[in-house]
Amino acid sequence: QVQLVESGGGLVQAGGSLRLSCAASGGTYSIYAMGWFRQAPGKEREFVAAIRFSSSNTYYADSVKGRFTTSRDNAKNTVYLQMNILNPEDTAVYYCAARDLGSSGGYNARSSASYGYWGQGTQVTVSS
């Protein structure tokens, strides 16, 4: 059973940066990939970024490509989301998610259905 805890959210001005962290514990050896999603008020949860552990391949939503970077620190069992050039449209609750090796079905990095474990979320607010 994997547990995920996000941190690093907060209030930032437009054009600024934040780095989110997602610390994984319990069964981390079985993680296949981790993703970041966000949900703004009144909107559906949307894909932001993901990283596949076996290849370190990364995936990004078009809206954040070139501004956000996801990476992992194996020693700390932590995945990061570096967010630069933030704008008010990035305001949302950000969630990290994990898929384990035993998951059924194919892996679609951009689909929330591909992930079986979720963190509690961290608020990111970008002021104009």
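**Figure 1. Gly 121, a buried glycine in a loop of the predicted model.** Gly 121 has a relative accessible area of 15%, so it counts as buried, the cut-off being under 20%. The residue belongs to the loop that runs between strand 10 (117-118) and strand 11 (122-127). Tyr 94 is 27 residues away along the chain, yet the C-alpha atoms of Gly 121 and Tyr 94 are separated by 5.2 Å. Apart from neighbours within four places in sequence, the contacts of Gly 121 are Glu 6, Val 93, Tyr 94 and Tyr 95.

**Figure 2. Leu 4 and its contacts in strand 1.** Leu 4 sits in strand 1, which covers residues 3-7. Its relative accessibility is 6%, and Leu 4 is therefore classed as buried. When residues up to four places away in sequence are set aside, Leu 4 touches Cys 22, Ala 23 and Ala 24, as well as Met 34, among others. The list of contacts of Leu 4 also includes Cys 96, Ala 97 and Ala 98, and further along the chain Tyr 117, Trp 118, Gly 119 and Gln 120. For scale, the C-alpha atoms of Leu 4 and Tyr 32 are 14 Å apart, with the two positions 28 residues apart in sequence numbering.

**Figure 3. Gln 1, an exposed residue before strand 1.** Gln 1 lies in the segment that precedes strand 1. With a relative accessible area of 68%, Gln 1 is exposed, since the cut-off for that class is over 50%. Gln 1 nonetheless has contacts beyond four places in sequence: Ser 25, Gly 26, Gly 27 and Tyr 117. Thr 28, at 27 residues from Gln 1 in sequence, is 8.5 Å away from C-alpha to C-alpha.

**Figure 4. Gln 39 in strand 4 and its side-chain contact with Lys 43.** Strand 4 spans residues 31-39, and Gln 39 is part of it. The side chain of Gln 39 reaches the backbone oxygen of Lys 43 at 3.1 Å. Gln 39 has a relative accessible area of 28% and is therefore partly exposed. Leaving out residues up to four places away in sequence, Gln 39 is in contact with Glu 44, Arg 45, Ala 92, Val 93 and Tyr 95. Asp 100 lies 61 residues from Gln 39 in sequence and 23 Å from it in space, C-alpha to C-alpha.

**Figure 5. Thr 78, a buried residue in strand 8.** Thr 78 belongs to strand 8, residues 78-83. At 9% relative accessibility, Thr 78 falls under the 20% cut-off and so counts as buried. A polar atom of the Thr 78 side chain lies 2.8 Å from the backbone oxygen of Lys 76. Outside the range of four places in sequence, Thr 78 touches Ser 21, Cys 22 and Ala 23, and also Ser 71, Arg 72 and Asp 73.

**Figure 6. Two loop residues with positive phi, Asn 77 and Ser 56.** Asn 77 is in the loop between strand 7 (68-73) and strand 8. Although Asn 77 is not a glycine, its phi is positive, at about 50 degrees. Asn 77 is partly exposed, with 34% relative accessibility. Ser 56 is in the loop between strand 5 (46-52) and strand 6 (58-60). Its phi is also positive, at about 60 degrees, and Ser 56 is likewise not a glycine. The relative accessibility of Ser 56 is 43%, which places Ser 56 in the partly exposed class.

**Figure 7. The whole chain as context for the close-up views.** The chain contains 0 helices and 11 strands. For a chain of 128 residues, a compact globule would have a radius of gyration near 14 Å, and the value for this chain, 14 Å, agrees. The C-alpha trace spans about 45 × 30 × 25 Å along its principal axes. Of the 128 residues, 47% are buried. Among contacts between residues at least 6 apart in sequence, 58% join residues at least 24 apart. The chain exposes about 6400 Å², of which carbon and sulfur atoms supply 46%. There are 11 positive and 8 negative side chains, and the centres of the two sets lie 5 Å apart.

Methods: Residues numbered from 1 in each chain as written. Predicted model: local features only at pLDDT ≥ 70, side-chain atom pairs only at ≥ 80, totals over all residues. Heavy atoms only, no water. Helix = DSSP H or I, 4+ residues; strand = E, 2+ residues; numbered from the N terminus. Rg over C-alpha atoms; globule rule 2.2 N^0.38 Å. Buried < 20%, exposed > 50% of the residue type's maximum accessible area, 1.4 Å probe, protein only. Contact = heavy atoms within 4.5 Å. Areas by Shrake-Rupley, 256 points an atom, 1.4 Å probe, with all protein chains shown as cover. Lys, Arg positive; Asp, Glu negative; His and termini not counted. Charge placed at Lys NZ, Arg CZ, Asp CG, Glu CD. Polar contact = N/O pair within 3.5 Å; in protein donor to acceptor, adjacent residues only side chain to side chain.
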